[in-house]
Amino acid sequence: MYAVIETGGKQYRVSEGDVITVEKLNVEDGANVELDKVLILGEGSDIKVGTPYIDGAKIMGRVVESGKAKKVVIFKYKSKKDYRKKQGHRQPYTMIEILSLDGKAPAKKSAPKAEKVEEQAEEVKANASMKKDELLAIAEAKGIEIDSKATKAEILEAIESASK
């Protein structure tokens with residue numbers, strides 16, 4: 001079963017257990033959040049499509065963490081005019097783990113799964129600061145086949161998908 005939800009002006013396809021990164025929400029880490037802008041809900045031939053939203057449909061989630069993304073550098077330059085302007089921006093985000101798609105509060109959740117999600121988030125942060133050759137070594141140690149010409153982002157994505 002999956003759902004398509006809208007939050008922060010963007011749409012996300014989610015299912016139970018997914019961890020998504022959305023625009024910053026004003027909620028504390030570890031708090032439960034209810035997403036009620038559900039566009040599509042169901043699976044196979046049993047799909048409900050909203051106009052634009054499905055009445056009464058709610059997605060329950062838990063905030064894993066809030067933070068800022070990597071810095072994006074904006075550099076403006078005009079040749080021969082002595083004009084240079086450098087700016088940086090770090091977009092705030094909230095990482096949400098989807099608990100249930102029907103809007104009911106989920107049953108008591110086991111701690112190991114929550115710890116696993118937090119460990120994965122920490123591992124992703126740690127891996128993001130590594131160099132490409134270090135990431136290739138980690139992938140090789142885990143038995144993941146990656147082309148040596150792959151970009152750092154592709155390597156990170158392959159390691160993340162293999163660890164899930």
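Two strands are taken to pair if DSSP finds at least two bridges between them. In this predicted model, strand E1 (residues 2–7) and strand E5 (residues 38–43) are joined by four bridges and run antiparallel. Within that pairing, Tyr2 faces Gly42 of E5.

The E1 and E5 pair belongs to an open sheet of four strands, arranged in the order E2-E1-E5-E6 with antiparallel pairing. Strands E2 and E6 form the edges of this sheet, each of them pairing on one side only. On average, and with direction ignored, neighbouring strands here are turned by 15° against each other.

A further open sheet is also built from four antiparallel strands, this time in the order E3-E10-E7-E4. Its edges are taken by strand E3 (19–23) and strand E4 (32–35); each has a single partner strand, so one side of each is left without a neighbour in the sheet. The average turn between neighbouring strands of this sheet is 45°, again with direction ignored. Looking at one of the pairings, E3 is joined to strand E10 (residues 92–100) by five bridges, and the two run antiparallel. Here Ile20 is found opposite Ile96 in E10.

The backbone offers some points worth a pause. Most residues other than glycine have a negative phi, and most peptide bonds are trans. Against that background, the peptide bond leading from Thr51 to Pro52 is cis, its omega lying near -5°. Pro52 sits in the loop that connects strand E6 (46–49) with strand E7 (59–68).

Positive phi values turn up in the loop between strand E8 (72–78) and strand E9 (83–89), where Lys80 is located. Lys80 is not a glycine, yet its phi is near 65°. Its relative accessibility is 83%, so Lys80 counts as exposed. Asp82 is in the loop between E8 and E9 as well, and this residue, also not a glycine, has a positive phi of about 55°. With a relative accessible area of 71%, Asp82 is exposed, because the cut-off for that class is over 50%.

Turning to the side chains, it helps to recall that groups of opposite charge can pair when their charged atoms come close. The structure holds four salt bridges by the rule applied here. One of them joins Glu23 and Lys10, with an N to O distance of 2.7 Å. This contact links distant parts of the chain, as Glu23 belongs to strand E3 and Lys10 to strand E2 (residues 10–14), 13 residues apart. Glu23 has a relative accessibility of 25% and therefore counts as partly exposed. Lys10 falls in the partly exposed class too, at 37% relative accessibility.

Another salt bridge is formed by Glu34 and Lys58, whose closest N and O atoms are 3.8 Å apart. This pair likewise links distant parts of the chain: Glu34 lies in strand E4, Lys58 lies in the loop between E6 and E7, and 24 residues separate them. The relative accessible area of Glu34 is 44%, so this residue is partly exposed. Lys58, at 31% relative accessibility, is partly exposed as well.

Asp82, already met for its positive phi, also takes part in a salt bridge, its side chain meeting that of Arg84 at 3.7 Å from N to O. Both Asp82 and Arg84 are exposed.

Aromatic rings complete the picture. The search for aromatic pairs across the whole structure returns zero. Charged side chains do lie over rings, however: Arg13 is placed over the face of Tyr2, at 3.9 Å from the ring centre. Tyr2 is the residue that stands opposite Gly42 in E5. In a similar arrangement, Lys78 lies over the face of Tyr83, with 5.7 Å to the ring centre.

Note on methods
Residues are numbered from 1 along each chain as its sequence is written. This is a predicted model: local features need pLDDT of at least 70, side-chain atom pairs count only at pLDDT 80 or more; totals for chains, interfaces and linings use all residues. Side-chain values use heavy atoms; hydrogens and water are left out. Axes are lines fitted to C-alpha atoms, for helices over the stretch in contact, and angles run from 0 to 180 degrees between N-to-C directions. Buried means under 20% relative accessible area, exposed over 50%, partly exposed in between (1.4 Å probe, protein chains only). Rings of Phe, Tyr and Trp (its six-membered ring) pair if their centres lie within 6.5 Å; planes under 30 degrees apart count as stacked, over 60 as edge-to-face and the rest as tilted. A charge sits over a ring if NZ of Lys or CZ of Arg is within 6 Å of the ring centre and within 35 degrees of the ring normal.
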